[in-house]
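Reader: Hi there! I'd love a close look at one part of this protein, and then a friendly walk through its surroundings and the side-chain contacts elsewhere.

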Amino acid sequence: MGSIVDGGGRVAGRWRGLGFITPLAFAVLASAVFSMGFGHYPLAPSEVLAVLWAALTGAESGQPPMAETVVLAVRLPRVLAAMLVGASLAAAGAAYQTLFRNPLASPAILGVSSGAGFGAALAMLLSGSALAVQGAAFAGGLLAVGAAMLIAGRLGKGSALVMVLAGLVVSALFQALTSALKYVADPLDTLPAIVFWLLGSLGRVGTHDLAWAAPFALAGMLALFLLRWPTQVLEAGDDEARTLGVPVRALRLALIAAATLMTAAAVSISGIVGWVGLLVPHLARLIVGPAYAALLPASLLLGAGYLLLVDNLCRSAFAAELPLGIVTAVLGAPVFVAVLAKARRTWS
């Protein structure tokens, strides 16, 4: 199960793909250091590293107090949030594309994004705190996926096709409910807050947001990582997986639960950020190949680095910060077309 051998007897995917993981990890770490020094108050990488090292060891950084405040209180939480959200959405997208054997599958396929949007809008309409909005978004995402799985279980006995169709129905329902909340919201106060949240942003993320969202996201990542080899077998088809002793139904439910947990945690602190879970797994597939055991960590790392760089653009391109969801869509659509044009033979 550790590798896949193609018709010509060559080992495909595992070793070729895993050889790229270490360079990708170093590239993401370098991007994180660069991002903590990038902005209207620029800092050299050496200055950023000095501040971080001092924070870890308790030593003197030798940097001005302003530099320490900017790095530790402002940019570090945002950089970590961008990496967490990007990694979560990309890994969930890779899991869904493999699970449903569909190159157009994304973290929103079962309605988690629309459910989270409804939960956040409802909390804002009720004048909830920032923590209440995040909690409601998280709960709304889980509720939407739970409803989709319930419908699929009743009508299709867990069929992947029926599950996707149920997700589309649930997503449309929650989008309609969100529109209804926007219609009755105060147009001078609540409505702009709802619209801004739905567009996605990391501008208000702090350490307390990371503290409660990260455990859920990391738990989902760990589950996907532990299930990577059975999931790779699942790529060959349900019948072949059952022949090799893989509990297909239980595995499918576990993958959906883990991916949903990650997506709901990410969306609850960032708002709705599209295209990451759809685009990044395709980019990873071009780099490391289709084998899921290598595709998953590559998607995690690429997603973290991609959203990190996009967030840098959002907060620095103009005087006013751009919504994250708009920029990911503007960048993602043409890039996705180019990726599909190059990788169209990967999926049949």
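What does Ile326 count as, judging by its relative accessibility?

Author: Happy to help! One thing to keep in mind throughout is that this is a predicted model. Ile326 has a relative accessibility of 40%, so this residue counts as partly exposed, since the class lies between the 20% limit for buried and the 50% limit for exposed. You will find Ile326 in helix H15, which covers residues 324-343.

Ile326 also has company at the surface. Together with Val195, Leu199 and Val330, Ile326 makes a nonpolar surface patch of about 290 Å². Two helices build this patch, with H8 (190-199) and H15 each supplying at least two of its residues.

Let's move along the chain from there. Helix H15 is preceded by a loop that follows H14, and Glu321 sits in that loop. Glu321 is partly exposed, at 34% relative accessible area. Its partner is Arg78: the two form a salt bridge in which the closest N and O atoms are 2.8 Å apart. Arg78 belongs to helix H4, and the pair links parts of the chain that are 243 residues apart.

Arg78 has a second acidic partner, Asp311. Their side chains meet in a salt bridge with an N to O distance of 2.8 Å. Asp311 lies in helix H14 (residues 292-316) and Arg78 in helix H4 (residues 65-100), so this pair ties together parts that are 233 residues apart in sequence. The result is a network of salt bridges that links Arg78, Asp311 and Glu321. In total, the model has two salt bridges.

How covered are the members of this network? Asp311 is buried, with a relative accessible area of 3%. Arg78 counts as buried too, at 11% relative accessibility. Glu321, as noted, is partly exposed.

Just before helix H4 there is another polar spot. Ser61 is placed in the loop between helix H3 (45-57) and H4, and this serine is buried, with a relative accessible area of 11%. The Ser61 side chain has a polar contact with the side chain of Glu68, at 2.4 Å. The side chain of Ser61 also reaches the backbone nitrogen of Gln63, at 3.2 Å.

On the other side of helix H4, have a look at the backbone of Arg101. This residue is in the loop between H4 and helix H5 (112-125), and its phi is positive, about 50 degrees, although it is not a glycine. Most residues other than glycine have a negative phi. Trp275 is another residue to inspect in this way: its phi is positive as well, about 75 degrees, and it is not a glycine either. Trp275 is found in the loop between helix H12 (248-270) and helix H13 (276-288). Both are partly exposed: Arg101 has a relative accessible area of 38%, and Trp275 has one of 29%.

Now for the aromatic rings. The model contains seven aromatic pairs. One of them joins Phe138 and Phe216, whose ring centres are 4.8 Å apart with planes at 45 degrees, so the pair is tilted. This pair connects distant parts of the chain, with Phe138 in helix H6 (residues 130-156) and Phe216 in helix H9 (residues 207-226), 78 residues apart. Phe138 is buried, at 10% relative accessible area, whereas Phe216 counts as partly exposed, at 32% relative accessibility. Trp212 joins in as well, and ring pairs link Phe138, Trp212 and Phe216 into a cluster.

Finally, Phe225 and Arg228 meet in two ways. The charged end of Arg228 sits over the ring of Phe225, 3.9 Å from the ring centre. A polar atom of the Arg228 side chain also lies 2.8 Å from the backbone oxygen of Phe225. Arg228 is found in helix H10 (residues 228-234), and this arginine is buried, with a relative accessible area of 19%, so its value is under the 20% limit.

To come back to your starting point, Ile326 is a partly exposed residue that shares its nonpolar patch with Val195, Leu199 and Val330.

Methods: Residues numbered from 1 in each chain as written. Predicted model: local features only at pLDDT ≥ 70, side-chain atom pairs only at ≥ 80, totals over all residues. Heavy atoms only, no water. Salt bridge = Lys/Arg side-chain N within 4 Å of Asp/Glu carboxyl O. Helix = DSSP H or I, 4+ residues; strand = E, 2+ residues; numbered from the N terminus. Buried < 20%, exposed > 50% of the residue type's maximum accessible area, 1.4 Å probe, protein only. Phe/Tyr/Trp six-rings, centres within 6.5 Å; stacked < 30°, edge-to-face > 60°. Lys NZ or Arg CZ within 6 Å of the ring centre and 35° of its normal. Patch = residues over 30% accessible without salt bridge, like charges linked within 9 Å, V, L, I, M, F, W, Y side chains within 5 Å. Areas by Shrake-Rupley, 256 points an atom, 1.4 Å probe, with all protein chains shown as cover. Polar contact = N/O pair within 3.5 Å; in protein donor to acceptor, adjacent residues only side chain to side chain.
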